[in-house]
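The following exercises concern the structure shown below. Each task is followed by a solution that proceeds step by step.

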Amino acid sequence: MSTSVTVETLSEVAAQVLEDVAFVFTEPAAVAAPWSGGAIEATLAFSGPERGALFVRASPGLAALFAANMLGIEIDDPEVTERTQDAVGEMLNVVAGSLVARVFGTSALVHLGVPQVRATASSDPAASPFSVALMTDEGERLELQILAGEA
Amino acid sequence: MSQSVLIVDDSPLMRKMLRRVFRMAELEFASIHEAGNGIEALAVFATEQVDLAFVDINMPEMNGLELIQRLAETGKLQTTKVVVISTERNEGRIDRLKRLGIHYLPKPFRPEDVCVMIDQILGESEIPR
């Protein structure tokens, strides 16, 4: 995928999935901006015409928004806290499915792994030339990377 | 409705989302069971009558395709309608599922997509509403 995908494609697919799955509207943001605070991180391996992994990190506030909107509950509902990691993992899963279909087509055999999710106090992902950042009007942030050859 | 439903997804959030869709659509099933992977689903099938199963594909332990294979081998697909809800887009895999009588709903889905699918299944099914 590293040779087939563009950051524009990655950004478009991610933004569309956020809208469709969680009704979260974002705009592209600068990848180089420093990441402050904790994050929910998730990695999903893929193999097919190319091998690699997708990595995402979301600000805790954005992860909470995903969970609340996906479950149709208020963001201050106690259940939101329990589901933030699950929500980020599911978001990555849908982004991955949409992305591989767009990049490789629907005739290619692609295997997607199960998202591995964790909460972290400080986030410092590996450098990748295929990185995009998205931000909501409220400043909640998401970054997505393609890590080639990680599968 | 008198149907018994099984939701098979490793994501508790997705299982809750589907339950929410059923509530929003006022679909009152006789029972709703949950399983986090194919192995847990088979345990439910061993003890419960399942009329309608919503099955994810990418799951740990036993994935949805392996589960469906086991259901086909044991004749369960003759009595259970299965809807695969997945990010899977491969035409070949989807065609193979459809030849087994499996319904397919791509992620992301809207709540109304699930309702339309259930209506379609119940319309073609001999399962009593």
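**Exercise 1: a buried glutamate**

A:Glu143 is buried, with a relative accessible area of 4%; determine where A:Glu143 lies and which side chain it contacts at 2.8 Å besides that of A:Arg141.

Solution. The model is predicted: local features require pLDDT of at least 70 and side-chain atom pairs pLDDT 80 or more, whereas totals for chains, interfaces and linings use all residues. Residues are numbered from 1 along each chain as its sequence is written, chains are lettered from A and ligands numbered from 1 in the order in which they are written, and side-chain values use heavy atoms, without hydrogens and water.

Step 1. Buried means under 20% relative accessible area, exposed over 50% and partly exposed in between (1.4 Å probe, protein chains only). A:Glu143 meets the criterion for buried at 4%.

Step 2. A:Glu143 belongs to strand β7 (residues 141-148) of chain A. Helices (H or I, at least four residues) and strands (E, at least two) are DSSP runs, numbered from the N terminus.

Step 3. The side chain of A:Glu143 makes a polar contact of 2.8 Å with that of A:Arg57, and a polar contact of 2.8 Å also joins it to the side chain of A:Arg141. A polar contact is a pair of N or O atoms within 3.5 Å; within protein, one must be able to donate a hydrogen and the other to accept it, and residues adjacent in sequence count only if both atoms are side-chain atoms.

**Exercise 2: two helix pairs**

Describe how α2(A) packs against α1(B) and against α1(A).

Solution. Step 1. Helix α2 (residues 60-71) of chain A and helix α1 (residues 12-24) of chain B pack at about 30 degrees, with axes 9 Å apart. Axes are lines fitted to C-alpha atoms, for helices over the stretch in contact, and angles run from 0 to 180 degrees between N-to-C directions.

Step 2. From α2(A), A:Ala67, A:Asn69, A:Met70 and A:Leu71 meet B:Leu13, B:Lys16, B:Met17 and B:Arg20 of α1(B), where contact means heavy atoms within 4.5 Å.

Step 3. Helix α1 (residues 7-22) of chain A and α2(A) have axes that come within 8 Å and cross at roughly 45 degrees. These two helices are therefore oblique to each other; angles under 35 degrees count as roughly parallel, over 145 as roughly antiparallel, 65 to 115 as roughly perpendicular and the rest as oblique.

Step 4. A:Leu18, A:Val21 and A:Ala22 of α1(A) make this contact with A:Phe66, A:Asn69 and A:Met70 of α2(A).

**Exercise 3: the buried side of a helix**

Establish which residues of α4(B) are buried and what they pack against.

Solution. Step 1. In helix α4 (residues 91-99) of chain B, the buried residues are B:Arg93, B:Ile94 and B:Leu97. They span an arc of only 100 degrees around the axis, which puts them on the same side of α4(B); the arc is that of the directions from the helix axis to the C-beta atoms.

Step 2. Their packing partners are α3 (64-73), β4 (81-86) and β5 (103-106) of chain B.

Step 3. At the N-terminal end, B:Asn90 caps α4(B), with a side-chain oxygen 3.1 Å from the backbone nitrogen of B:Gly92. After the helix comes B:Gly101, with a positive phi near 85 degrees.

**Exercise 4: backbone geometry**

Identify the peptide bond preceding B:Pro108 as cis or trans.

Solution. Most residues other than glycine have a negative phi, and most peptide bonds are trans. The bond joining B:Lys107 and B:Pro108 is cis, with omega about 0 degrees.
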